[in-house]
Amino acid sequence: MNQPTSAIISEELIDEIIGKYQNKPGFLLSVLEEIQEKNPLKYLPAETLQTVAAKLNLPYSRVYGVVTFYSFFNLRPQGKHSIVVCRGTACHTKGSKQLLNEIGHSFGMNHQDENSEASFTTADNQFTVRTVACFGQCAQSPVVEVDGKIYSYVNSQKLLKILENVKKNGVQKNFSVNTSR
Ligand code: FES
């Protein structure tokens, strides 16, 4: 599989993005968001954060603090497809930890530590699995999101179908599973 050869955004592109948002509300957020979007691996490497901090004359800690505060920023390379498991209370009580373990197992990851929350990208950069605190859809728990599509009342059988489909067909266009209990 082809992998992007570089995940570092050029200084020229950073300058261009900074120029685009200069003096606009939410300037730093917008700059970081677009830089991440332009990165083929959808993340913000430390080198990029250092470049942004230097160009904006801001302390590195300020830029790093913004990136770590908002969950949509990534400090590590992301896979082509994303699988997000809700680990909020409602989903937890309906078995989301088990789903997370099954997803890990399906990708050959063995989570021995029951207290750890999985966040990993497969070696071929095709899938990133991570958790979220709540999707705001607690009444339909447990909830799993795949490539931006929400699946409700997920159980092991549904999960298996979802994973089989995303591995086989990639993006979830017309695929659906029964979303009732
Ligand atoms: S706890 Fe999972 S959607 Fe709220």
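**Figure 1. Contacts across the whole predicted chain.** Of the contacts in the protein chain with a separation of 6 or more, 58% link residues 24 or more positions apart. The model shown here is a predicted one. The protein chain has 7 helices and 5 strands, and along the sequence these elements follow the pattern α-α-α-α-β-α-α-β-β-β-β-α. Among the 181 residues of the protein chain, 23% are buried.

**Figure 2. The sheet and its edges.** Here we look at an open sheet of 5 strands, arranged in the order E2-E3-E1-E4-E5 with mixed pairing. At the edges are strand E2 (120-121) and strand E5 (149-151), each of which pairs on one side only. As a reminder for this view, strands of a sheet pair through backbone hydrogen bonds, either parallel or antiparallel. The next two legends take up strand E1 and its partners.

**Figure 3. Strand E1 beside strand E3.** The pairing of E1 with E3 is parallel and runs over 6 bridges. If you would like a residue to start from, try histidine 81, which stands opposite phenylalanine 127 in E3. Strand E3 itself covers residues 127-132.

**Figure 4. Strand E1 beside strand E4.** Strand E1 (residues 81-86) also pairs with strand E4 (residues 144-146), this time in the antiparallel sense over 3 bridges. A handy place to look is isoleucine 83, which has valine 146 of E4 opposite.

**Figure 5. Two helices lying across the sheet strands.** Helix H6 (residues 96-106) lies across E1, strand E3 (127-132) and E4. Relative to E1, helix H6 runs at about 155°. Helix H7 (residues 156-169) lies across E1, E4 and E5, and the angle of H7 to E4 is about 10°. Strands E1 and E4 are thus listed for H6, and they are listed for H7 too.

**Figure 6. The crossing of helices H3 and H4.** Two packed helices are described by the angle between their axes and the distance between the axes. For helix H3 (residues 46-56) and helix H4 (residues 60-69), the axes come within 8 Å and cross at roughly 125°. H3 and H4 are therefore oblique to each other, and their crossing is right-handed. On the H3 side the contact involves Leu49, Gln50, Val52 and Ala53, which meet Tyr60, Val63, Tyr64 and Val67 in H4. By type, the residues of this contact divide into 7 nonpolar, 1 polar and no charged.

**Figure 7. Asparagine 57 in the loop between H3 and H4.** Staying with these helices, we turn to the loop between H3 and H4, where asparagine 57 is placed. The phi of asparagine 57 is near 60°, a positive value in a residue other than glycine. Asparagine 57 is exposed, since 6 other C-beta atoms lie within 10 Å.

**Figure 8. Aspartate 147 in the loop between E4 and E5.** Back at the sheet, aspartate 147 is found in the loop between E4 and E5. Here too phi is positive in a residue other than glycine, with a value near 50° for aspartate 147. With 15 C-beta neighbours inside 10 Å, aspartate 147 counts as partly exposed.

**Figure 9. A cis peptide bond at proline 142.** The last close-up shows serine 141 and proline 142, which are joined by a cis peptide bond. For those checking the backbone torsions, omega is about 0° at this bond. Proline 142 has its place in the loop between E3 and E4.

How values were computed: Residues are numbered from 1 along each chain as its sequence is written. This is a predicted model: local features need pLDDT of at least 70, side-chain atom pairs count only at pLDDT 80 or more; totals for chains, interfaces and linings use all residues. Helices (H or I, at least four residues) and strands (E, at least two) are DSSP runs, numbered from the N terminus. A residue is buried if 20 or more other C-beta atoms lie within 10 Å of its own, exposed if 12 or fewer, and partly exposed in between; C-beta atoms are placed from the backbone. Two residues are in contact if their C-beta atoms, placed from the backbone, lie within 7 Å. Two strands pair if DSSP finds at least two bridges between them. Axes are lines fitted to C-alpha atoms, for helices over the stretch in contact, and angles run from 0 to 180 degrees between N-to-C directions. Angles under 35 degrees count as roughly parallel, over 145 as roughly antiparallel, 65 to 115 as roughly perpendicular and the rest as oblique. A crossing is left-handed if the near helix is turned anticlockwise from the far one by less than a right angle, and right-handed if clockwise. Ala, Val, Leu, Ile, Met, Phe, Trp, Tyr, Cys and Pro count as nonpolar, Asp, Glu, Lys and Arg as charged, and the others, Gly among them, as polar.
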